[in-house]
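Please look over the sequence and the structure shown here before reading the notes beneath them. The notes are meant to be read side by side with the model.

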Amino acid sequence: MSDRGGESNQGTGPEAVGEALRTAVERTLAATAESASGTRERAQELLDDVVRRGQSAREEVTRRGESATSRLADAIGELRAADSEGLRRLSERLTAVERRLDALEGRPGGAKQRPQPEANPLEPDEDEDLRD
């Protein structure tokens, strides 16, 4: 076998062939390692970029979700306020109609006598036909 320090055995024996093969394999591995290292670094950069973009997208989705939730809560609050205000106004109008009805019917002091509802308000009242 040849000494790596400087002497080389230029023979064609099995030891020389083995040394030449070993040198060729080492050179191939060294060249492949450099190429693989570059490829690995590029793959790592791409993976880092994908992770950054994924985090950015997740943050954007979270922000939009929070914004939509806030807008929905505001809209529901407005609807509740509108319903509450509408009910209050409707109640006031109903009270005014009751007072007018009491005045028209001549109830003294606006007595709170309410007429009984008909059994079926969709059918004509038979008593009305007899009064005419």
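The briefing below covers the model and its confidence, the overall fold, the main helix, its salt bridges and a surface patch.

This is a predicted model, in which local features need pLDDT of at least 70 and side-chain atom pairs count only at pLDDT 80 or more, while totals for chains, interfaces and linings use all residues. Residues are numbered from 1 along each chain as its sequence is written, and side-chain values use heavy atoms, with hydrogens and water left out.

**Confidence**

- The protein chain has a mean pLDDT of 77, and 72% of its residues reach 70 or more; pLDDT is the predictor's confidence in each residue, from 0 to 100.
- Across residues 1–9 the pLDDT is below 50, and beyond near neighbours in sequence this stretch has 10 contacts in the model, a contact being heavy atoms within 4.5 Å.
- Where pLDDT is low, the predicted coordinates should not be read in detail.

**Overall fold and surface**

- The protein chain holds 2 helices and 0 strands, where helices (H or I, at least four residues) and strands (E, at least two) are DSSP runs numbered from the N terminus.
- Of the 132 residues of the protein chain, 4% count as buried; buried means under 20% relative accessible area, exposed over 50%, and partly exposed in between, with a 1.4 Å probe and protein chains only.
- The accessible surface of the protein chain comes to about 12000 Å², and 55% of that area belongs to carbon and sulfur atoms; accessible areas come from the Shrake-Rupley method with a 1.4 Å probe, and for residues only the protein chains shown count as cover.

**Helix H1**

- Helix H1 covers residues 14–105, and its 92 residues reach 130 Å from the first C-alpha to the last, close to the 136 Å expected at 1.5 Å a residue; the expected span is 1.5 Å times one less than the number of residues.
- Ala16, Glu19, Glu98 and Asp102 are buried in H1.
- Gly106 follows H1 and has a positive phi, near 75°.

**Salt bridges**

- Searching the whole structure gives 9 salt bridges, each defined as a side-chain nitrogen of Lys or Arg within 4 Å of a carboxyl oxygen of Asp or Glu.
- Side chains of opposite charge can pair when their charged atoms come close.
- Glu60 and Arg64 form one such bridge at 2.8 Å, N to O, and both lie in helix H1, 4 residues apart, about one turn of the helix; Glu60 is partly exposed at 28% relative accessible area, whereas Arg64 is exposed at 55%.
- Glu85 is bridged to Arg88, with the closest N and O atoms 2.3 Å apart, and these two residues of H1 are 3 residues apart, about one turn of the helix; Glu85 is partly exposed at 31% relative accessibility, as is Arg88 at 39%.
- Arg89 also forms a salt bridge with Glu85, the closest N and O atoms being 3.8 Å apart; Arg89 and Glu85 are 4 residues apart in helix H1, so about one helical turn separates them, and Arg89 is partly exposed at 47% relative accessibility.
- Through shared partners, salt bridges join Glu85, Arg88, Arg89 and Glu92 into one network.

**Nonpolar surface patch**

- Leu21, Val25 and Leu29 make up a nonpolar patch on the surface, with about 290 Å² of accessible area together.
- Patches are made of residues with over 30% relative accessible area and no salt bridge, like charges being joined within 9 Å and nonpolar side chains (Val, Leu, Ile, Met, Phe, Trp, Tyr) within 5 Å.
- Leu21 lies in helix H1 and counts as exposed, at 56% relative accessibility.
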